[in-house]
Amino acid sequence: MLDRLNQALDHIESHLDQPVDVAGLARIAATSEYHFRRMFSALAGLPLSEYIRRRRLTVAGAEVLAGDRTLLDVATRYGYGSGEAFARAFRAMHGVGPGEARRTGAALHSQPRMSFRLIVEGSSSMRYKIVDKGDFRVVGRKARVPLVHEGMNPAIAGFIRGLGKDTLRRIAALADQEPSGIVQVSDQLDPSRAEGTDFDYYHGVVTAAEVPGDMDALTVPAGLWAVFENSGPFPQALQHLWRDVFTQWFPSNPYASRPGPEILSVRLSEDGSQAEAELWIPVERSGA
């Protein structure tokens, strides 16, 4: 898997002056476009689109300083429709406009070319199972919230506090199947997985019960799920679990992620400092 991802990176590098076909990159990596974006973001720590933008502006910066082409030629070569658009993007990355950079020989920022390598530690293993589950429904309350990569998500914390104990009891009473208890469901995530992008968050249960009129429902189609278990400090252990699934488990197993909600079941210690978690990720066999 990592070899194919690196082949896709090589393709990006040789086509920085052309529109990037993400579906074509996914074919090089022998996976779906959805899974390719997820894998890249998890491994690289930034969205695919942002990496390509930074690489283009890095190479464009070198050409600006070299002075062999006009600034408009450089802008056009790297996909900018006008000198103004190029200048804005250039300044956002380098902290200086292209004209000033050329006149003064200013120091510019650089996005290094990436390659992925597998580091084998052998110090821990991931506990998981594959579940073939029929279609089901998540029932509870929904909010649109921003994505936070590290630490507590204040929007989610505030949303849960605002539900009130009575509503939480009513939601919990509806649970009648796995994953059990109240679950945290992330749906409609932006393909980039960029910090601050919005997604639908459900605080609810998996149930076959009728949907109360004052609650929201999410219908989830049948399919395969990879179910992971983890425990440790809250919330770091949960966020590290998401990271490890995509940086360690997927490259080592014959599965790819597929579109669908991600479901987290969490049991907190009395003081709220430790958590036992079960994470459900929709998957398909590689090549499916």
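In the predicted model, D214 has a relative accessibility of 36% and therefore counts as partly exposed. This residue is located in the loop that connects β4 to β5 (216-220). Leaving aside residues up to four places away in sequence, D214 touches R141 and R170. With R170 the link is a polar contact between the two side chains, at 3.0 Å. The surroundings of D214 also bring together distant parts of the sequence: its C-alpha atom is 9.9 Å from that of T167, although 47 residues separate the two along the chain.

The chain as a whole contains ten helices and nine strands. Its C-alpha trace extends over about 70 × 40 × 35 Å along the principal axes. Of its 288 residues, 44% count as buried. Among contacts in the chain with a separation of 6 or more, 73% are made by residues 24 or more positions apart.

The largest nonpolar core has 49 residues, and the members that touch the most others are F36, F40, L48, F86 and F250. The contacts of F40, residues up to four places away in sequence again being excluded, are with L9, G45, L46, P47, L48, Y51, M114 and F116. Separate from this core is a second one of 13 residues, which includes V183, L218, I263 and W280.

L48, a member of the largest core, is placed in helix α4. Its relative accessible area is 4%, so L48 is buried. Beyond residues up to four places away in sequence, L48 touches I12, V22, L25, F36 and F40. Two of these partners, F36 and F40, are listed with L48 among the core residues that touch the most other members. The C-alpha atoms of L48 and L238 are 190 residues apart along the chain and are separated by 23 Å.

R55 is also found in helix α4. With a relative accessibility of 9%, R55 lies under the 20% limit and therefore counts as buried. The residues touched by R55, not counting those up to four places away in sequence, are E13, L16, Q111, P112 and R113.

Helix α4, which covers residues 48-66, packs against helix α6, residues 83-94, at an angle of about 100° and with the axes 10 Å apart. An angle between 65 and 115 degrees is classed as roughly perpendicular, and α4 and α6 are therefore roughly perpendicular to each other. On the α4 side the contact is formed by R53, R54, L57, T58, A60, G61 and V64, and on the α6 side by F86, A89, F90, M93 and H94. By class, the contact of α4 with α6 comprises seven nonpolar, three polar and two charged residues. F86, which contributes to this contact from α6, is also one of the residues with the most contacts to other members of the largest core.

A second helix pair is formed by α3 and helix α10 (residues 236-252), whose axes come within 9 Å and cross at roughly 130°. The two helices are therefore oblique to each other. H35, R38, M39, A42 and L43 of α3 meet F246, T247, F250 and P251 of α10. The contact of α3 with α10 divides into six nonpolar residues, two polar and one charged. F250 of α10 takes part in this contact and is likewise listed among the residues of the largest core that touch the most other members.

Several backbone features were also noted. Most residues other than glycine have a negative phi, and most peptide bonds are trans. A30, in contrast, has a positive phi near 60°. A30 is situated in the loop between α2 (22-28) and α3 (33-44), and its relative accessibility of 45% means that A30 counts as partly exposed. Q188 is not a glycine either, and its phi is positive at about 55°. The position of Q188 is in the loop between β3 and β4 (198-207). Its relative accessibility is 52%, so Q188 counts as exposed. The peptide bond from E178 to P179 is cis, with omega near -10°. P179 belongs to the loop running between α9 (165-172) and β3 (183-187).

How values were computed: Residues are numbered from 1 along each chain as its sequence is written. This is a predicted model: local features need pLDDT of at least 70, side-chain atom pairs count only at pLDDT 80 or more; totals for chains, interfaces and linings use all residues. Side-chain values use heavy atoms; hydrogens and water are left out. Axes are lines fitted to C-alpha atoms, for helices over the stretch in contact, and angles run from 0 to 180 degrees between N-to-C directions. Helices (H or I, at least four residues) and strands (E, at least two) are DSSP runs, numbered from the N terminus. Angles under 35 degrees count as roughly parallel, over 145 as roughly antiparallel, 65 to 115 as roughly perpendicular and the rest as oblique. Contact means heavy atoms within 4.5 Å. Ala, Val, Leu, Ile, Met, Phe, Trp, Tyr, Cys and Pro count as nonpolar, Asp, Glu, Lys and Arg as charged, and the others, Gly among them, as polar. Buried means under 20% relative accessible area, exposed over 50%, partly exposed in between (1.4 Å probe, protein chains only). A polar contact is a pair of N or O atoms within 3.5 Å; within protein, one must be able to donate a hydrogen and the other to accept it, and residues adjacent in sequence count only if both atoms are side-chain atoms. A nonpolar core is a set of buried Ala, Val, Leu, Ile, Met, Phe, Trp, Tyr and Cys residues joined through side-chain atoms within 4.5 Å.
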